[in-house]
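Please find below a note on the model under review. The points concern charged pairs, the contact between two chains, and the fold of one chain.

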Amino acid sequence: MSSKVKWVVIVAIVLLVGVTVAELSSFRTDTVKVSAQELVEAYLADEATADVQYAGVMIQLTGVVTEIQESPTPTVILYGNGMNQIQCVLKTGVNQSLPQRVGVGDTVTFTGVCNGLLMDVIIRDCSLLTN
Amino acid sequence: MRFLTFILCLVCFFQNGQTQALVDRNGTSVFFSDAIVEDITATNNQVLAALDPVKGTVAVSMLMRGFKFEKSLMEEHFNENYVESEKFPKATFKGTLEKPIQDIMTKPGTYLFKVSGDLTIHGITRPLATQVTLVVTAGTIAATTKFTVRVEDHGIKVPSIVIENIAEEVEVTSNFNFQKPTQ
């Protein structure tokens with residue numbers, strides 16, 4: 001192998017490693033564990049900071065069920081504080097029977113992706129982990 | 001947070017008076033793009049809306065990440081390349097109905113109102129004037145509105161390679177269902 005070809009191969013490997021590391025570092029895969037009340041309090045204290053920490057991130061969320069909605073999208077509401085709750089929007093096709101399996105007052109744990117704060121904190125693609 | 005404060009103030013103020021603000025936490029907004037190559041529809045079922053029946057003030061807020069597409073790749077492109085949801089997470093509308101609605105709240109029927117205000121998408125605010133249909137029943141007020149948004153007006157850049165996939169004007173339809181306060 002000529003020295004020119006060797007250098008081309010070395011540069012290609014370095015570029016490949018660099019791109020892979022950059023991709024992996026920008027892809028947040030860690031699941032953040034948080035309670036419903038902690039999440040609501042974090043958003044009410046500082047929405048921008050909470051967005052940096054939670055928005056677009058897979059979270060594992062534990063809280064008490066206050067309401068179950070069948071439509072327009074199956075959603076379980078968890079207690080946050082008096083006025084601001086957590087809406088866990090269930091993952092399409094996976095949790096269609098879930099509203100029948102959990103009840104108001106149950107303490108449950110969901111995994112899902114945090115969308116952010118409106119009046120409630122919205123979590124999408126929720127799957128029930130335990131109840 | 002300022003928008004949330006605005007809505008909370010509406011709610012708190014009217015809870016102290018005789019008339020309560022009407023709030024829907026699960027409104028729906030659908031946008032439809034009719035382009036040369038394909039039609040694209042996305043739905044958001046977690047839209048927050050507040051309506052002050054005495055002043056006729058309206059406030060709507062939604063998270064851009066809340067729009068669900070038929071294909072996950074479309075959703076990814078929408079959030080990352082077009083509306084930049086991480087930088088501009090919300091779309092909002094603050095406006096006023098042409099007149100208060102307290103007089104019609106106890107009169108079941110269908111009513112058409114003009115509404116005008118400011119629509120903010122992608123961090124850019126533009127005036128919006130449209131109409132809203134209110135259907136009053138014994139316990140609820142259902143609101144429906146439809147309007148078009150020029151993508152360019154809100155600084156959303158569509159790469160030339162996909163220019164035929166995304167319409168220049170997107171049709172937005174929103175539905176809200178407000179529970180009337182119990183007397």
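1. Seven salt bridges are present over all chains of the structure, a salt bridge being a side-chain nitrogen of Lys or Arg within 4 Å of a carboxyl oxygen of Asp or Glu. The model is predicted: local features need pLDDT of at least 70, side-chain atom pairs count only at pLDDT 80 or more, and totals for chains, interfaces and linings use all residues. Residues are numbered from 1 along each chain as its sequence is written, chains are lettered from A and ligands numbered from 1 in the order in which they are written, and side-chain values use heavy atoms, with hydrogens and water left out.

2. Which residues are linked in a network of salt bridges? The network consists of Arg124(A), Asp125(A) and Lys68(B). Between Arg124(A) and Asp125(A), the closest N and O atoms are 3.7 Å apart. Arg124(A) is buried at a relative accessible area of 18%, whereas Asp125(A) is partly exposed at 26%; buried means under 20% relative accessible area, exposed over 50%, and partly exposed in between (1.4 Å probe, protein chains only).

3. The other link of this network, between Lys68(B) and Asp125(A), has its closest N and O atoms 3.3 Å apart. Lys68(B) is partly exposed, with 33% relative accessibility. This pair crosses between chains, joining strand β4 (residues 68–69) of chain B, where Lys68(B) lies, to strand β6 (residues 121–130) of chain A, which holds Asp125(A). Helices (H or I, at least four residues) and strands (E, at least two) are DSSP runs, numbered from the N terminus.

4. A further salt bridge lies within chain B, where the side chains of Arg150(B) and Asp153(B) meet at 3.9 Å, N to O. Arg150(B) is partly exposed at 31% relative accessibility, and Asp153(B) is likewise partly exposed at 30%. As a general remark, side chains of opposite charge can pair when their charged atoms come close.

5. The interface of chain B and chain A holds three salt bridges by the rule. Eight residue pairs are in polar contact between these chains, both residues being at pLDDT 80 or more. A polar contact is a pair of N or O atoms within 3.5 Å; within protein, one must be able to donate a hydrogen and the other to accept it, and residues adjacent in sequence count only if both atoms are side-chain atoms. On the side of chain B that touches chain A, the elements giving two or more residues are α1 (2–16), β1 (22–34), β2 (39–52) and β3 (57–63). The largest share of that side, five residues, comes from α1(B).

6. How many residues does each chain bring to the contact? Chain B gives 21 residues and chain A gives 23, contact meaning heavy atoms within 4.5 Å. The two chains bury about 1900 Å² between them, with 57% of it on carbon and sulfur atoms; buried area is the accessible area (1.4 Å probe) that two parts lose on being put together, summed over both. In chain B, Arg25(B), Gln46(B) and Arg65(B) lose the most area to chain A, together 32% of what that side buries.

7. As for the fold of chain B, two helices and nine strands are present, in the order α-β-β-β-β-α-β-β-β-β-β from the N terminus. Of its 183 residues, 49% count as buried. Among contacts in chain B between residues at least 6 apart in sequence, 60% join residues at least 24 apart.
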